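I opened this model to look up its ligand site first. After that I picked out a few single residues. My notes are below.

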Amino acid sequence: MIEMTGQLRVREMTLDDVDGVVDVHRCCFPASVSIFSVLDRRIVKRYYELFVKESESLGAVLVEPCTGRIGGFAAGTLKPGVQRRFVLHNFFPLCWYVFFGCLTSATIRKVVFSHIKSIPAMFKEKKAKRFAGAEGSSPDGPVGFFMPIAVHPDFRGGGNAIRLANYLTSQFFERGVARVRGGGITTGNIASRKLFAERLGWNSKVISDKWIAVWIDRK
Ligand SMILES: CC(C)(COP(=O)(O)OP(=O)(O)OC[C@H]1O[C@@H](n2cnc3c(N)ncnc32)[C@H](O)[C@@H]1OP(=O)(O)O)[C@@H](O)C(=O)NCCC(=O)NCCS
């Protein structure tokens, strides 16, 4: 399925898009949010390759037709725990890149230490349970999990995030999902709050000082 969006095109993410997706990820998410923004890009590339290869994944990219440049992406899955599976399948290369990064860069050392305490949480999935609990009603069928959405600064402000999000959400519903659950928005992320809660009309609930749960049901 291809949707034309003025100059830019939204379509399904493929393995050929991974390099562009990695560039957008590293540009859009600060190191405080994603360690992938500072680690060697080869390990980040492995993550997105694994993501695209999983049959439960749903990915969308925003492409500039004349150059083929990837201007943004949105990702989701029917089977949560992609990050955990990635860590388990790539444990030794990941350790190597983290170790090497720590040896060579003070920024990476700082980010690694700040992320260490979140590693056990990745295996307990407490945060995911809190998001589900915020919804108040049970979904009327399977749940899909919306992961990151990012638009490169060169392409922001023209409704591209809305188009990407709508594209991915309809892909979820076409795959039989009854509710799409966001991975959580940080309270300070004004652009993301406005996008999901106001422009896309998703349900939202503040669940802590840091997190807002967002979700949408199939009509
Ligand atoms: C969030 C993000 C994807 C929005 O991309 P975008 O292309 O600017 O979004 P859109 O043009 O589709 O705009 C969506 C709405 O959000 C508003 N918006 C975008 N950036 C904003 C900002 N910094 N402050 C306030 N509102 C903002 C837009 O004005 C628009 O509303 P409007 O149509 O009523 O004007 C982009 O800012 C981004 O990549 N951020 C970094 C990554 C991130 O935080 N992702 C979300 C969490 S996973």
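These entries go from the ligand to a surface patch and then to two buried residues.

**Ground rules.** I am working with a predicted model, where local features need pLDDT of at least 70, side-chain atom pairs count only at pLDDT 80 or more, and totals for chains, interfaces and linings use all residues. Numbering starts from 1 along each chain as its sequence is written, and side-chain values use heavy atoms, with hydrogens and water left out.

**Ligand shell.** I looked up what surrounds the ligand and found 20 residues. A residue is near a molecule if one of its heavy atoms lies within 4 Å of it. The closest are Ile149, Val151, Gly159, Asn189 and Arg199. I then sorted the shell by type: 11 nonpolar, six polar and three charged. Here Ala, Val, Leu, Ile, Met, Phe, Trp, Tyr, Cys and Pro count as nonpolar, Asp, Glu, Lys and Arg as charged, and the others, Gly among them, as polar.

Which elements supply at least two residues each of the shell? They are strand S5 (143-151), helix H8 (160-174) and helix H9 (190-199). H9 gives the largest share, six residues. Helices (H or I, at least four residues) and strands (E, at least two) are DSSP runs, numbered from the N terminus.

**Ligand oxygens.** I checked N and O atoms around the ligand. The side chain of asparagine 189 has an N or O atom 2.8 Å from a ligand oxygen. For alanine 161, a backbone N or O atom lies 3.1 Å from a ligand oxygen. The side chain of arginine 156 places an N or O atom 3.3 Å from a ligand oxygen. Taken alone the ligand exposes 910 Å², and the protein buries 72% of that.

**Surface patch.** I found a nonpolar patch made of Trp96, Phe99, Phe100 and Leu103. Together they have about 460 Å² of accessible area (Shrake-Rupley method, 1.4 Å probe; for residues, only the protein chains shown count as cover). Patch residues have over 30% relative accessible area and no salt bridge (side-chain nitrogen of Lys or Arg within 4 Å of a carboxyl oxygen of Asp or Glu), with nonpolar side chains joined within 5 Å. Tryptophan 96 sits in helix H4 (residues 91-104).

**Arginine 179.** Is this residue buried or exposed? Arginine 179 is buried, because its relative accessible area is 1% and buried means under 20%. It belongs to strand S6 (residues 179-182). Its side chain makes polar contacts (N or O atoms within 3.5 Å, one able to donate a hydrogen and the other to accept it). The contact with aspartate 217 is 2.6 Å, and that with glutamate 135 is 2.7 Å.

**Isoleucine 185.** Isoleucine 185, in strand S7 (residues 185-186), is also buried, at 5%.

How values were computed:
Patches are made of residues with over 30% relative accessible area and no salt bridge: like charges are joined within 9 Å, nonpolar side chains (Val, Leu, Ile, Met, Phe, Trp, Tyr) within 5 Å. Buried means under 20% relative accessible area, exposed over 50%, partly exposed in between (1.4 Å probe, protein chains only).
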